[in-house]
Structure formats: C-alpha cells, structure tokens
Amino acid sequence: CSAPPLPTLMARARAAAMACGDGAVVSHRSAAEMFGLLPQTDREIEITVVGRNPGVHTGIRRHRPRHLARHDVTNMRGIPVTSVARTIADLAGTESARDTERAFQEALYRRIITPAALGAIVKREPRRKGAPVIRALLEDPRMTRSERERTLLKLLDQEIGRASCRERV
C-alpha cells in the first residue's frame with residue numbers, strides 16, 4: 001500500500017483562498033512559489049484578506065493589511081493571487097533579503113516585472129515593512145540568476161570601492 005500523493009501547491013492555494021472567503025488572495029511566499037520565483041516548500045499557504053477576520057484555518061497563515069489595491073491582485077488558473085510586484089514587496093517584509101533578491105532577480109530575468117512596478121508600491125507605501133530592502137534592490141537592479149553571480153557582483157563592487165579609496169589617498 002502506498003500513501004496518496006500530497007496535494008499540489010496550486011490545490012492547497014485554491015483550497016486556502018476558498019476557505020478564507022471572498023476577497024482572500026494568495027500572497028507572500030506562497031504567491032512567489034506559484035509564480036516560480038522561489039522554490040516550493042511545504043509551508044503554510046499565505047493568504048491576504050483586507051477588512052475582515054477570515055478566522056483561523058489549519059495550514060493557512062493570514063495577513064491583514066489595511067488596503068490592497070485592485071491592480072495588486074491578479075488571477076492564476078482561477079486562483080486570486082497578488083501581482084508579481086506586490087508579491088515581491090510582501091516578501092521584503094516577511095522573508096530574508098536574500099530570498100527577496102532571488103525572487104526579484106528571477107522576475108526580472110523572466111520579464112514579468114519592471115523596477116518601476118516595484119518602485120510604485122514603495123512610493124504608495126513608503127513606510128511599509130521591507131521598504132529598505134526594496135529600495136536597495138531598486139538602486140542596483142542588475143539581473144542575475146544564480147547565487148554565485150550575485151556573490152561575484154558583490155565582491156567586484158567591494159573591490160572597486162577599495163580601489164577608488166586607494167586612488168583618493
């Protein structure tokens with residue numbers, strides 16, 4: 001006998017959105033995983049609901065912002081999900097800077113986001129959690145796809161900084 005397969009991310013996301021009712025949107029890391037920006041995990045499905053308490057549900061992590069603009073929500077296979085830009089902005093407030101950068105870089109590579117779209121969120125919500133991480137990403141939106149590339153670029157930046165310091169002395 002073998003155990004039945006575990007539900008897919010899409011099935012879990014659809015079930016979580018339905019369990020939380022009208023206006024519930026898959027968000028944060030769960031949305032990033034649905035977009036293929038971060039590797040899939042077996043963590044709780046993250047749901048954003050504005051204006052009401054959807055109750056406690058096993059396997060669901062709730063987020064309750066004061067506002068979620070209509071253009072910050074899209075649909076994936078019939079499942080309401082935050083837009084790519086909103087997803088990355090949300091990641092900046094809940095995940096590591098490294099994971100946020102990884103997701104942003106992947107979205108840039110796949111051409112499903114622009115720096116301007118992410119910048120618009122910080123402009124609308126300048127004090128949002130994670131805003132400094134987003135600003136740092138927007139200051140240097142060089143596109144990479146691997147951790148090694150990002151590490152190399154940071155080392156090069158440090159070396160260039162040291163060389164310019166030595167020139168001034």
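Reader: How many of the 169 residues of the protein chain count as buried, as a percentage?

Author: The share is 40% of the 169 residues. This is a predicted model. Its chain holds 7 helices and 5 strands. Their order along the sequence is α-β-α-β-β-β-β-α-α-α-α-α.

Reader: Why is Glu-95 called buried?

Author: Its relative accessibility is 14%. Buried means under 20%. Glu-95 falls under that cut-off, so the word applies. Glu-95 sits in the loop between helix H3 (84-94) and helix H4 (97-109).

Reader: What makes the pair Glu-95 and Arg-43 a polar contact?

Author: The two side chains come to 2.7 Å. The limit for such a pair of N or O atoms is 3.5 Å, so the pair qualifies on distance. Arg-43 is also among the residues that Glu-95 touches, beyond those up to four places away in sequence. The others are Arg-29, Glu-46 and Thr-100.

Reader: Why is Pro-126 called partly exposed?

Author: Its relative accessible area is 41%. Buried needs under 20% and exposed needs over 50%. The value for Pro-126 lies in between, so the residue is partly exposed. Pro-126 belongs to the loop between helix H5 (115-124) and helix H6 (131-139). Leaving out residues up to four places away in sequence, Pro-126 touches Ala-131 and Arg-135.

Reader: How do you know that the span of helix H1 is close to the one expected?

Author: H1 covers residues 9-20, which makes 12 residues. The expected span is 1.5 Å times one less than the number of residues. For H1 that comes to 16 Å, and the model reaches 17 Å from the first C-alpha to the last. Just past the helix, Gly-21 has a positive phi of about 85°.

Reader: Why do the buried residues of H1 line one face of the helix?

Author: The residues in question are Leu-9, Met-10, Ala-13, Ala-16, Ala-17 and Cys-20. Viewed down the axis of H1, they fall within an arc of 130°, so they line one face. An α-helix has 3.6 residues a turn, so residues three or four places apart point the same way. The cover over the buried residues of H1 includes helix H2 (28-35) and strands S1 (25-26), S2 (45-48), S3 (60-63), S4 (73-76) and S5 (79-82).

Reader: What makes S1 and S2 a pair, and in which sense?

Author: They share 2 bridges, in the antiparallel sense. Pairing needs at least two, so the count meets the cut-off. One bridge partner is Thr-48 in S2, for Val-25. S2 also joins S3, through 4 bridges, and these two strands run parallel. There, Glu-46 stands opposite Arg-61.

Reader: Which way do the residues of S2 point?

Author: Ile-45 and Ile-47 point one way. Glu-46 and Thr-48 point the other way, and all are buried. In a regular strand the side chains alternate between the two faces of the sheet.

Reader: How many residues lie between S4 and S5 in their hairpin?

Author: There are 2 residues between them. Arg-77, in the turn, has a positive phi of about 55°. The strands are antiparallel, with 4 bridges. Met-76 stands opposite Ile-79 in S5.

Reader: What makes H3 mostly covered?

Author: In H3, 10 of its 11 residues are buried. Among them are Ile-88, Asp-90 and Leu-91. Their cover includes H2, S5, H4, H5 and H6.

Terms used:
Residues are numbered from 1 along each chain as its sequence is written. This is a predicted model: local features need pLDDT of at least 70, side-chain atom pairs count only at pLDDT 80 or more; totals for chains, interfaces and linings use all residues. Side-chain values use heavy atoms; hydrogens and water are left out. Buried means under 20% relative accessible area, exposed over 50%, partly exposed in between (1.4 Å probe, protein chains only). A polar contact is a pair of N or O atoms within 3.5 Å; within protein, one must be able to donate a hydrogen and the other to accept it, and residues adjacent in sequence count only if both atoms are side-chain atoms. Contact means heavy atoms within 4.5 Å. The arc is that of the directions from the helix axis to the C-beta atoms.
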